[in-house]
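Please open the model in a viewer and keep the selection tool at hand. The tour proceeds by selections, each followed by a description of what is found there.

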Amino acid sequence: MKSYIVGNWKMNFSVGESSVYLHKLLQKTRAFRDIEVIVAPSFVALQPLSLQVDRKKIRLAAQSANPHDFGAYTGEVSYTQLRGIVDYGIIGHSERRQLFHESDKDIRASVAAALRNQITPILCIGETETEHTFGETHDVLRDQLLGGLSEVSAEDISKVIIAYEPIWAISTTTDSRIASPDEIGEIAQFIRRTLVDAYGESTAEAIPLLYGGSVNPTNAGAYLTVPGINGLLIGGASLIGDQFIDIIETAKKVKD
Ligand code: PEP
């Protein structure tokens, strides 16, 4: 399976800055057959960057979108409108769940809408610090995972990517702490088992599972070698060109 390195730029960079940054990434990145590099700029930058990007090197993702195809949804952008502009869509990021109150129902509708529009969903799941402390991690992850995928047909399940992001390990969280590779390994096994139980071994084994939470050039190699982890979703370090490129190069070394 390929490795996936995804940079979530969140609400950072103007359109001009996004374009300059993409230019730098394109100059410094080679086209890898076994690594998919994906960046998620803000909405306003997606269309111009889609004309600039070299898809052999870098693919674009939306950070979120509305699950309806068209209609009276003031201020929203749909996956249908993003079709042809992005190849991937980040769905259910903890900031969308927490700050914008996206429910499991919204998230499952988004996963279905992305697939309907030929956009690969990157479904984010992760427990809060409190859920972690009270031993609820497995229940929370099972609900988010199976809830998010419940409208996906058996045929489409292998087109989905899962990203495990423990909220307590995300760098912008107060008092965030680094998750150890062993902790991530245990959760990766749990997620894979849950997928195997729900969809059978061969389908489940084909679903890429990414880790996200305070990944940087120093710890990226350790997370990428955790059994069952197929890539990284990166926030803070993806905003710094040298760090993001360093992580891509680490992924290449791990692959080789
Ligand atoms: C994120 O918010 O998805 C994330 C992983 O951020 P960071 O890498 O900064 O922890």
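The stops below take in an aromatic cluster, a pair of packed helices, a second helix with its surroundings, and some backbone details. The model is a predicted one.

**Stop 1: the aromatic cluster**

Select Trp-9, Phe-13 and Tyr-21, which together form one aromatic cluster. A search of the whole structure finds five aromatic pairs. In one of them, the ring centres of Trp-9 and Phe-13 lie 5.4 Å apart with the planes at 85 degrees, so this pair is edge-to-face. Phe-13 also pairs edge-to-face with Tyr-21, at 5.3 Å centre to centre and with 65 degrees between the planes.

Which members of the cluster are buried, and which partly exposed? Trp-9 is buried, with a relative accessible area of 0%. Tyr-21 also counts as buried, because its relative accessibility is 7% and the cut-off is under 20%. Phe-13, in contrast, is partly exposed, with a relative accessible area of 28%.

Keep Phe-13 selected and turn to its backbone. Phe-13 belongs to the loop between β1 and α1, and its phi is positive, about 75 degrees, although the residue is not a glycine. Most residues other than glycine have a negative phi.

For a distance across the model, add Asp-54 to the selection. Asp-54 is found in the loop between α2 (43–52) and β3 (58–62), and it is partly exposed, with a relative accessible area of 27%. From Asp-54 to Phe-13 there are 41 residues in sequence and 20 Å in space, C-alpha to C-alpha.

**Stop 2: helix α11 and its partner α1**

Select residues 241–255, which make up helix α11. With 15 residues at 1.5 Å a residue, α11 should span 21 Å, and the 21 Å between its end C-alpha atoms agrees with this.

Now colour the buried residues of α11: Gly-241, Phe-244, Ile-245, Ile-247, Ile-248, Thr-250, Ala-251 and Lys-252. The elements that cover them include three strands to display, β1 (3–8), β2 (35–40) and β8 (231–234), together with the helices α1 (15–28) and α10 (220–224).

Next, show α1 and α11 alone. Two packed helices are described by the angle between their axes and the distance between the axes. Here the angle is about 35 degrees and the axes are 11 Å apart. The crossing of α1 and α11 is right-handed. On the α1 side, the contact is made by Tyr-21, Lys-24, Leu-25 and Lys-28; on the α11 side, by Gly-241, Asp-242, Phe-244 and Ile-245. These contact residues divide into four nonpolar, one polar and three charged. Tyr-21 thus appears both in this contact and in the aromatic cluster of the previous stop.

**Stop 3: helix α8 and what packs against it**

Select α8, residues 181–199. For its 19 residues, 1.5 Å a residue gives an expected span of 27 Å, and the end C-alpha atoms are 26 Å apart, which agrees.

Which residues of α8 are buried? They are Ile-184, Gly-185, Ile-187, Ala-188, Phe-190, Ile-191, Arg-192, Thr-194 and Leu-195. Display their packing partners: the strands β5 (120–125), β6 (161–164) and β7 (209–212), and the helices α7, α9 (201–205) and α10.

Centre the view on Ile-191, which is buried at 1% relative accessible area. Beyond its neighbours within four places in sequence, Ile-191 contacts Ile-125, Leu-141, Leu-145, Tyr-164 and Leu-209. Of these partners, Tyr-164 is 27 residues from Ile-191 in sequence, while their C-alpha atoms are 8.8 Å apart.

From Tyr-164, move to Thr-137, in helix α7 (residues 137–149). Thr-137 counts as buried, at 8% relative accessibility. Its contacts, not counting residues up to four places away in sequence, are Glu-127, Glu-131, His-132, Tyr-164 and Ile-187. Tyr-164 is therefore a contact of both Thr-137 and Ile-191.

Finish this stop at Gly-200, just after α8, where phi is positive at about 90 degrees.

**Stop 4: His-101**

Last, select His-101, in the loop between α4 (94–99) and α5 (104–116). Its phi is near 55 degrees, a positive value in a residue other than glycine. Is His-101 buried or exposed? With a relative accessible area of 62%, His-101 is exposed.

How values were computed. Residues are numbered from 1 along each chain as its sequence is written. This is a predicted model: local features need pLDDT of at least 70, side-chain atom pairs count only at pLDDT 80 or more; totals for chains, interfaces and linings use all residues. Side-chain values use heavy atoms; hydrogens and water are left out. Helices (H or I, at least four residues) and strands (E, at least two) are DSSP runs, numbered from the N terminus. The expected span of a helix is 1.5 Å times one less than its number of residues. Buried means under 20% relative accessible area, exposed over 50%, partly exposed in between (1.4 Å probe, protein chains only). Contact means heavy atoms within 4.5 Å. Axes are lines fitted to C-alpha atoms, for helices over the stretch in contact, and angles run from 0 to 180 degrees between N-to-C directions. A crossing is left-handed if the near helix is turned anticlockwise from the far one by less than a right angle, and right-handed if clockwise. Ala, Val, Leu, Ile, Met, Phe, Trp, Tyr, Cys and Pro count as nonpolar, Asp, Glu, Lys and Arg as charged, and the others, Gly among them, as polar. Rings of Phe, Tyr and Trp (its six-membered ring) pair if their centres lie within 6.5 Å; planes under 30 degrees apart count as stacked, over 60 as edge-to-face and the rest as tilted.
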